[in-house]
Amino acid sequence: MSGTDFMIEQAEARVAVEVSYRIEAVSGLVAQPGRECCIDCEEPISEARRSAAPFARRCFECQSARENARP
């Protein structure tokens with residue numbers, strides 16, 4: 001095995017660990033119960049949103065604004 005192949009395998013292993021870590025972190029968040037009121041604006045989270053995303057912590061509007069604000 002060449003040095004380049006070894007470096008590629010190391011990089012792939014690091015990516016696999018990072019992906020696994022992120023999946024575990026998100027799974028933990030999704031497993032938590034959601035809220036009835038948004039953590040940002042404190043308005044009630046609609047029944048439709050809570051039904052579609054039982055883990056939701058933000059109302060649709062605040063979540064959309066948060067996602068759209070990301071670079």
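**Figure 1. Charged side chains of the chain, 9 positive and 12 negative.** The centres of the positive set and the negative set lie 5 Å apart. The model shown is predicted, with a mean pLDDT of 89 over the chain. A score of at least 70 is reached by 94% of the residues. The accessible surface amounts to about 5,900 Å², and carbon and sulfur atoms contribute 56% of that area.

**Figure 2. Overall fold of the chain, with 3 helices and 0 strands.** Along the sequence the order of elements is α-α-α. The C-alpha atoms occupy a box of roughly 60 × 25 × 15 Å along the principal axes. The radius of gyration is 19 Å, whereas a compact globule of 71 residues would have a value near 11 Å. Buried residues account for 13% of the 71 residues. Of the contacts between residues at least 6 apart in sequence, 7% connect residues at least 24 apart. Confidence is lowest in helix α1 (residues 3–31), where the mean is 87, and highest in helix α3 (residues 60–69), where the mean is 95.

**Figure 3. Close-up of A13 in helix α1.** A13 has a relative accessible area of 41%. This residue is classed as partly exposed because its value falls between the limits of 20% and 50%. A56 is 43 residues away from A13 along the chain, and the C-alpha atoms of the two residues are separated by 32 Å.

**Figure 4. Close-up of P33 in the loop between α1 and α2 (47–52).** The relative accessible area of P33 is 69%, so the residue is exposed, the limit being over 50%. When residues up to four places away in sequence are not counted, P33 touches P54 and F55. A11 is 22 residues from P33 in sequence, and the C-alpha to C-alpha distance between P33 and A11 is 36 Å.

**Figure 5. Close-up of E42 in the loop between α1 and α2.** What is the sign of phi at E42, which is not a glycine? The phi angle of E42 is positive, at about 65 degrees. Most residues other than glycine have a negative phi. The relative accessibility of E42 is 62%, and E42 therefore counts as exposed under the limit of over 50%.

**Figure 6. Close-up of C62 in helix α3.** C62 is buried, with a relative accessible area of 18%. The class follows because buried means under 20%. With residues up to four places away in sequence set aside, C62 touches C38, D40 and C41. D5 lies 57 residues from C62 in sequence, and their C-alpha atoms are 46 Å apart in space.

**Figure 7. Close-up of Q63 in helix α3.** Is Q63 buried or exposed? At 18% relative accessibility, Q63 counts as buried. Leaving out neighbours within four places in sequence, Q63 makes contact with R49 and R58. The helix that holds Q63, α3, spans residues 60–69 and has the highest mean confidence, at 95.

Notes. Residues numbered from 1 in each chain as written. Predicted model: local features only at pLDDT ≥ 70, side-chain atom pairs only at ≥ 80, totals over all residues. Heavy atoms only, no water. Helix = DSSP H or I, 4+ residues; strand = E, 2+ residues; numbered from the N terminus. Rg over C-alpha atoms; globule rule 2.2 N^0.38 Å. Buried < 20%, exposed > 50% of the residue type's maximum accessible area, 1.4 Å probe, protein only. Contact = heavy atoms within 4.5 Å. Areas by Shrake-Rupley, 256 points an atom, 1.4 Å probe, with all protein chains shown as cover. Lys, Arg positive; Asp, Glu negative; His and termini not counted. Charge placed at Lys NZ, Arg CZ, Asp CG, Glu CD. pLDDT = per-residue confidence, 0-100.
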